[in-house]
Amino acid sequence: MDAVFKALADPTRRELLDELFRADGQSATALGARFEMTRFGIAKHLKLLEDAGLVVVRRRGREKLHFLNPVPIRLIHDRWVSKYAEPWAAALSDLKSRLESPMEKIFEIYIKTTPEKLWEAITDSEIRSKYQFGNTLTSDWTPGSRFEMRNPKADAPLGEGENIEVDPPRRLVQTMTALWGEDVKADGTSRITWEIEPVGDSCHLTVTHDQLREGANDQLYGGWPMILSGLKTWLETGEKLTTPGSLMYA
């Protein structure tokens, strides 16, 4: 976490993260236009944020776009925010999240495990329930097949979709329609891409949630930092993440 704290210690870098929170997927040029700083200076700050895992870079044609990755901040939260403070912190975080209207969200995390075990944790229904609010996902995990998300406490499916691309243990692309409430149903179908890259004795996992309509309900993507934190905790320790939010629907 040293790199995260070092990156967050600089006010300019915090402002850059704020800008990406306001409008995700910006180029260095677009970000630099908001600061009285050379393009080289902006690039240097963005590289430090990228090295800390707080920013994820994706190329779109000739442009290099930068996306906010809140997972490292969530891991800090899980380490030091008590279960008693969680409701207050969550309420304030939700207030800020409601001001955001993203089109695409990218999350990344490093997990000490093998690609095969990580793939199993993503596609095995029983394991999935241990880190995704008690929800199970059932599918035969073949290209073009359907999946269904359920919870023992719910009478009807909470979500459904199609497995567009299935390439174990490297890449999984799915469409997803949330069904747990009329408010999220109205947002229609979005897309989720899981990408696994082995790095030494660990894996670099990137989850991209895109094709979200402008102003989409934050329930659709707001749970990813907690889900990925729970996935990391389960694979590395064999234990469930015990923050109140992770147990909300378990």
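Let's start with F5, which sits at 41% relative accessibility and so counts as partly exposed: buried would mean under 20% and exposed over 50%, with partly exposed in between. Keep in mind that what you're looking at is a predicted model. You'll find F5 in helix α1, which covers residues 2-8. F5 also has a share in something on the surface: together with M1 and W80, F5 makes a nonpolar patch of about 340 Å².

Now move along the chain to a pair of helices. Helix α2 takes in residues 11-22 and helix α4 takes in residues 39-51, and their axes come within 10 Å of each other. How do these two helices cross? The angle between their axes is roughly 80 degrees. Angles from 65 to 115 degrees count as roughly perpendicular, and therefore that's the label α2 and α4 get. If you'd like to see who does the touching, look on the α2 side for T12, R13, L16 and L17, and on the α4 side for I42, H45, L46, L48 and L49.

Time to zoom out to the whole chain. Its secondary structure adds up to 10 helices and 10 strands. How much of the chain is buried? Of its 250 residues, 48% are. On the outside, the chain exposes about 13200 Å², and carbon and sulfur atoms supply 54% of that area.

One last thing to look at is how contacts are spread along the sequence. Take the contacts with a separation of 6 or more: 52% of them come from residues 24 or more positions apart.

Terms used: Residues numbered from 1 in each chain as written. Predicted model: local features only at pLDDT ≥ 70, side-chain atom pairs only at ≥ 80, totals over all residues. Heavy atoms only, no water. Patch = residues over 30% accessible without salt bridge, like charges linked within 9 Å, V, L, I, M, F, W, Y side chains within 5 Å. Areas by Shrake-Rupley, 256 points an atom, 1.4 Å probe, with all protein chains shown as cover. Salt bridge = Lys/Arg side-chain N within 4 Å of Asp/Glu carboxyl O. Helix = DSSP H or I, 4+ residues; strand = E, 2+ residues; numbered from the N terminus. Buried < 20%, exposed > 50% of the residue type's maximum accessible area, 1.4 Å probe, protein only. Axes fitted to C-alpha atoms, helices over the stretch in contact; angles between N-to-C directions. Parallel < 35°, antiparallel > 145°, perpendicular 65-115°, else oblique. Contact = heavy atoms within 4.5 Å.
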